[in-house]
Amino acid sequence: MNAPRRSRVPGHRPPSHGADRKLLTIYLNDHLAGATAGTLRAGHLARLARGTALGRELGPVASGIAQDRATLVGIMRDLDVPVRRSKVCAGWVAEKLGRLKGNGRLVRRSPLSTVVELEALRLGVEGKAAGWQTLRRLAGTHERLDPARLDALLERARDQQRTLEEWRLRQVEATLGEEAG
């Protein structure tokens, strides 16, 4: 009696019908919501820091984050995954609401605002990298996913993480000084 072949990858199931497609649609649209919020937040912080050393470093990161969002939309198109406008709007609203966080000041930015925003961006890029890793893993069963392209996206996310972490630590030291140590 021949048993069906099982994948060597634990927890891996071969692609099936509508349920997997529906889950992929939800997954990619959730990442698109996060990418929308991240793109807006990175652009906002880069504009606020314009003319500073942070601004010079953050400008290219913000551009890369925006390019990554566009790439995600392209990948969704390649996979025939529809963009859910409600998710894009949710990402937009979340970013705007995130600006209302308490920072110890009512009207203007606190020096702590930049620390928190860099942390939020760092976490967002980490989530994006996890999404690229997931798609990279799926590339074996989805011929429309280009492994080399996903590897390049992962490397760019790692570069963004390093830059954001470096500047987060600098900002922590500048803002909290001795309290941070």
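Student: In this predicted model, does Arg-168 count as buried or exposed?

Tutor: The model is predicted, so the values are computed from it. Buried means under 20% relative accessible area. Arg-168 has 18% relative accessibility, so Arg-168 counts as buried.

Student: Which residue forms a salt bridge with Arg-168 at 2.9 Å?

Tutor: Look within helix H5, residues 147-176, where Arg-168 lies. The partner is three residues away in H5, so about one helical turn separates the pair. The partner is partly exposed, with a relative accessible area of 23%. The closest N and O atoms are 2.9 Å apart, and the partner is Glu-165.

Student: Which residues are linked with Glu-165 and Arg-168 in a network of salt bridges?

Tutor: Leaving aside neighbours within four places in sequence, Arg-168 is in contact with Val-115, Leu-118 and Glu-119. One of these, Glu-119, belongs to the network. Beyond Glu-165 and Arg-168, the network links Glu-119, Arg-122 and Glu-126.

Student: At roughly what angle do the axes of H2 and H4 cross?

Tutor: Helix H2 spans residues 53-78 and helix H4 residues 111-138. H2 passes H4 in a left-handed crossing. The contact holds nine nonpolar, one polar and two charged residues. The axes come within 12 Å and cross at roughly 35°.

Student: Which residue meets Lys-128 in a salt bridge?

Tutor: Lys-128 lies in H4 and its partner in H2, so the pair ties together parts 60 residues apart in sequence. Lys-128 counts as buried at 14% relative accessibility. The partner counts as buried at 2%. The N to O distance is 2.6 Å, and the partner is Asp-68.

Key: Residues are numbered from 1 along each chain as its sequence is written. This is a predicted model: local features need pLDDT of at least 70, side-chain atom pairs count only at pLDDT 80 or more; totals for chains, interfaces and linings use all residues. Side-chain values use heavy atoms; hydrogens and water are left out. Helices (H or I, at least four residues) and strands (E, at least two) are DSSP runs, numbered from the N terminus. Contact means heavy atoms within 4.5 Å. Axes are lines fitted to C-alpha atoms, for helices over the stretch in contact, and angles run from 0 to 180 degrees between N-to-C directions. A crossing is left-handed if the near helix is turned anticlockwise from the far one by less than a right angle, and right-handed if clockwise. Ala, Val, Leu, Ile, Met, Phe, Trp, Tyr, Cys and Pro count as nonpolar, Asp, Glu, Lys and Arg as charged, and the others, Gly among them, as polar. A salt bridge is a side-chain nitrogen of Lys or Arg within 4 Å of a carboxyl oxygen of Asp or Glu. Buried means under 20% relative accessible area, exposed over 50%, partly exposed in between (1.4 Å probe, protein chains only).
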